[in-house]
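Here is a guided walk through a two-chain model. Have the viewer open and follow along from the interface inwards.

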Amino acid sequence: MLKINNLHVKLEEEDKQILKGVDLEVGAGQVHAIMGPNGSGKSTLSYVLAGRDGYEVTEGAASLGDLDLLDLEPEERAAAGLFLAFQYPVEIPGVGNMTFLRTAVNAQRKARGEEELNAAEFLRVIRARAKELNIDAEMLKRPVNVGFSGGEKKRNEILQMAMLEPKLCILDETDSGLDVDAMKLVAAGVNALRSPDRAFLVITHYQRLLDHIKPDVVHIMADGRIVQSGGPELALEVENNGYADILKTVA
Amino acid sequence: MAVAAVKSDAATDLLAAWPLPSGEAQWASEARTTAEAWVRERGAPVRRDEYWKYTNPSTLTALPAPEAAVFDASDETPVFDAVDQLRLVFVDGVFDPAQSDDLAMEHVEIEPLGSALAKDIHWARDLYGVLEARGQAPVARPLAALNTARATEGVVIRVTGRAAKPIRVFYQHAARESDALVRHLVLVEEGAEVTVLENGPAASRFNQVMEVEVRDRGVFNHVRAQGRDHERRAVTGTFARLGREAVMKSFTLTVNGRLTRNESVVEFIGDDAVAHLAGACTGEGDFHHDDTVFVTHDAVNCESRQVFKKVLRDGAVGVFQGKILVKEGAQKTDGYQISQGLMLDDDSQFLAKPELEIYADDVVCSHGSTCGAVDETSLFYLRSRGMTRAEAEELLVLAFLDEAIAEIDSAELADEVRGRLAAWLARRRK
Ligand SMILES: Nc1ncnc2c1ncn2[C@@H]1O[C@H](COP(=O)(O)OP(=O)(O)O)[C@@H](O)[C@H]1O
Ligand SMILES: [Mg+2]
């Protein structure tokens with residue numbers, strides 16, 4: 001489903017290379033986790049896949065299915081089924097959460113040539129999804145992420161994911177800032193979406209999220225590269241020994 | 001020619017362009033004479049005047065009035081149509097009784113200006129030209145004085161209780177060349193309450209003045225949506241005086257129009273009163289929009305609030321001149337003012353001149369002004385959820401303007417304005 005080949009990325013404004021040859025393949029139905037120390041390039045990878053400005057791809061390729069991702073506008077990638085749950089969800093004063101979600105859902109449906117959801121249908125679906133994530137009606141009315149706690153922001157990301165039903169879900173440190181209960185909610189939200197034709201790329205700093213979202217493959221990223229890949233046991237190794245040991249063996 | 005001579009010649013021409021009405025009550029003739037003398041003394045406004053530094057008034061004073069193509073609005077529903085209302089229609093600035101509702105409403109007296117000025121209506125006498133004249137210092141507003149000197153169209157409204165529904169003044173623009181002077185008087189008696197709605201493009205050039213007196217504990221709500229004819233020009237003046245515990249809320253939405261200058265002059269004369277003035281505008285290209293506000297606190301513990309937002313693109317110009325004057329003894333004044341420009345490209349301009357002048361020591365006054373582009377991070381967030389750049393930008397524009405729209409007290413009217421604005425933006429996107 002997602003194929004990344006020798007991806008090199010530098011900052012557009014500065015002469016700073018951040019990704020130095022990332023190779024990664026995530027098949028449909030799979031969950032891959034990426035772990036790695038701060039500053040290793042995990043968020044950059046997710047932003048480049050989602051199409052954020054400010055980065056320059058100097059080498060390599062990334063595709064979703066048979067679509068070359070890097071040529072597309074962010075909204076085209078979204079319509080093609082890519083979703084990024086942001087590490088730092090953006091606050092948008094003045095835009096109601098509900099309006100935001102409805103506009104997004106319908107924009108994607110329109111882009112795919114599907115019929116737009118009417119207000120009643122939309123309301124029915126969002127109420128059910130929000131309930132599962134413990135998001136109350138008040139949170140749906142408030143402006144997008146404004147005044148939300150860290151946990152509320154992350155749950156709101158998962159709600160968007162649930163509403164948009166993407167093919168490839170990238171979760172960038174969705175567990176950071178969550179207490180155990182909130183993390184369980186988020187994990188349950190993600191697990192509910194797991195299906196044979198959907199793939200997940202879960203970026204996390206800690207192993208504990210992976211207790212709840214069981215990955216098929218764990219990758220360790222360091223200094224702009226994936227330096228080691230393995231099964232779930234690799235996450236446990238990180239948890240017990242830190243990154244230092246792994247990085248030493250790789251070096 | 002010297003500037004003074006240019007000003008005075010232009011004033012003479014403007015006064016000559018409209019006939020002096022005859023057969024009016026003596027008080028009306030006297031008010032006209034006083035106003036005419038003021039127009040001659042101060043002359044017509046020119047760009048060189050400090051108060052017109054950011055807005056060139058030449059097309060507001062030129063004769064004949066510049067033409068303006070009439071926008072075909074037949075394929076959409078005008079704003080406020082869904083609101084239960086008493087409707088008054090003006091076509092090119094002339095009252096049209098045939099299209100208007102019956103003027104009778106409980107607790108409200110409504111009369112066309114022309115007939116009111118022929119009668120001995122004592123309250124109208126105490127108001128007509130009076131608030132406008134008070135607003136002539138410290139800055140002259142000769143176009144408002146011209147309105148007092150010559151306007152024969154408009155309505156006078158006296159409210160003695162709670163009006164059951166809003167009075168809606170609907171301005172239709174019919175002729176390519178139409179030069180309209182329209183004058184309204186509103187008296188809200190003690191404890192009375194009324195909402196006045198205005199919308200429509202009015203004329204190719206529109207000079208409108210409204211004098212509003214809100215007596216003790218009275219409430220005056222004013223929501224206006226200025227018409228969308230691309231080429232029309234308008235200069236408006238709202239002159240209000242508020243008594244004790246009176247409340248005034250005035251909001252204006254402007255979409256399109258080549259030139260708009262909205263002046264608001266508000267004076268607090270009774271304690272514990274509140275005035276909120278807000279405006280949202282969006283324009284592109286040959287679009288110049290000016291909000292000029294002057295609030296005078298001459299009473300204790302009054303609250304004034306100004307919230308003005310402008311979205312500009314393609315060389316459009318937005319101007320805000322806002323002043324809060326706190327007179328000696330006006331203690332416990334709470335004055336707030338914010339003006340913000342959102343530039344959708346590098347060609348547009350937002351010019352702001354916020355001013356505070358304070359002669360009392362126990363007051364809280366603040367003002368701020370910002371000007372910036374659409375936030376790129378927000379844009380990316382919205383686009384990453386599937387919205388096109390245009391859709392995302394539109395949502396952010398609506399959000400930006402909503403802070404001004406939220407100043408409207410009535411949720412129903414605020415939603416009317418939101419709906420209209422969203423429809424206008426969506427239409428432009430196509
Ligand atoms: N827009 C940017 N401007 C400057 N430095 C950046 C920018 N984006 C990323 N970086 C730098 O790139 C490196 C990788 O960052 P990031 O992708 O956020 O890592 P991670 O998510 O793994 O913590 C860091 O050194 C970070 O400071
Ligand atoms: Mg990160």
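How many residues does the contact take from chain B, and how many from chain A? It takes 16 residues from chain B and 31 residues from chain A. Keep in mind as you look around that this is a predicted model.

Now for the size of that contact. Interface size is often quoted as the accessible area that is lost when the parts come together. Here the area buried between chain B and chain A comes to about 1900 Å², with carbon and sulfur atoms giving 65% of it. On the chain B side, look for B:Phe380, B:Tyr381 and B:Arg385: these residues lose the most area to chain A, and together they make up 41% of what that side buries.

There is polar chemistry across the interface too. Between chain B and chain A there are ten residue pairs in polar contact, both residues having pLDDT 80 or more. Two elements of chain B give two or more residues each to the side that touches chain A, namely helix 8 (376-384) and helix 9 (389-405). Of the elements on that side, helix 8 of chain B gives the most, with seven residues. Sorted by type, the residues of chain B's side divide into seven nonpolar, five polar and four charged. The salt bridge count between chain B and chain A is four. If you'd like a specific pair to zoom in on, try A:Glu75 and B:Arg383, whose side chains meet in a salt bridge at 2.8 Å, N to O.

Stay with those two helices of chain B for a moment. The side chains of B:Glu376 and B:Arg389 form a salt bridge at 3.5 Å, N to O. B:Glu376 lies in helix 8 of chain B and B:Arg389 in helix 9 of chain B, so the pair ties together parts that are 13 residues apart in sequence. Both ends still see some solvent-accessible surface: B:Glu376 is partly exposed, with a relative accessible area of 43%, and B:Arg389 is partly exposed at 35%.

Elsewhere in chain B, is helix 7 (residues 142-150) enclosed or open? Nine of its nine residues are buried, so helix 7 of chain B is largely enclosed by the rest of the structure. The buried residues include B:Leu143 and B:Leu146, and also B:Asn147 and B:Arg150.

Another arginine worth a click is B:Arg241, which sits in strand 10 (residues 233-242) of chain B. B:Arg241 has a relative accessible area of 13%, so it counts as buried. What does its side chain find there? A polar contact of 2.9 Å joins the side chains of B:Arg241 and B:Glu213. Setting aside neighbours within four places in sequence, B:Arg241 is in contact with residues including B:Leu131, B:Arg134, B:Val212 and B:Glu267. For more charge pairing in chain B, B:Glu109, B:Arg158, B:Glu189 and B:Arg215 are linked in a network of salt bridges.

Over to chain A and its strands. Strands of a sheet pair through backbone hydrogen bonds, either parallel or antiparallel. In chain A, an open sheet of four strands runs in the order 2-1-4-5, with antiparallel pairing. Its edges are strand 2 (17-26) and strand 5 (67-68) of chain A, each pairing on one side only. Strand 1 (residues 2-11) of chain A is joined to strand 2 of chain A by seven bridges; to see one partnership, find A:Lys3, whose bridge partner in strand 2 is A:Glu25.

Further along chain A, strand 11 (residues 217-222) and strand 12 (residues 225-230) run antiparallel and are joined by five bridges. These strands form a hairpin with two residues between them, and A:Asp223 in the turn has a positive phi of about 45 degrees.

That turn residue also links back to the sheet's edge. The side chains of A:Asp223 and A:Lys20 meet in a salt bridge at 2.9 Å, N to O. A:Asp223 lies in the loop between strand 11 and strand 12 of chain A and A:Lys20 in strand 2 of chain A, so the pair ties together parts that are 203 residues apart in sequence. A:Asp223 is partly exposed, at 49% relative accessible area, and A:Lys20 counts as partly exposed at 24%. Over all chains, the structure holds 47 salt bridges.

Key:
Residues numbered from 1 in each chain as written. Chains lettered and ligands numbered in written order. Predicted model: local features only at pLDDT ≥ 70, side-chain atom pairs only at ≥ 80, totals over all residues. Heavy atoms only, no water. Contact = heavy atoms within 4.5 Å. Buried area = accessible area lost by both parts, 1.4 Å probe. Polar contact = N/O pair within 3.5 Å; in protein donor to acceptor, adjacent residues only side chain to side chain. Nonpolar A, V, L, I, M, F, W, Y, C, P; charged D, E, K, R; others polar. Buried < 20%, exposed > 50% of the residue type's maximum accessible area, 1.4 Å probe, protein only. Pairing = 2+ DSSP bridges.
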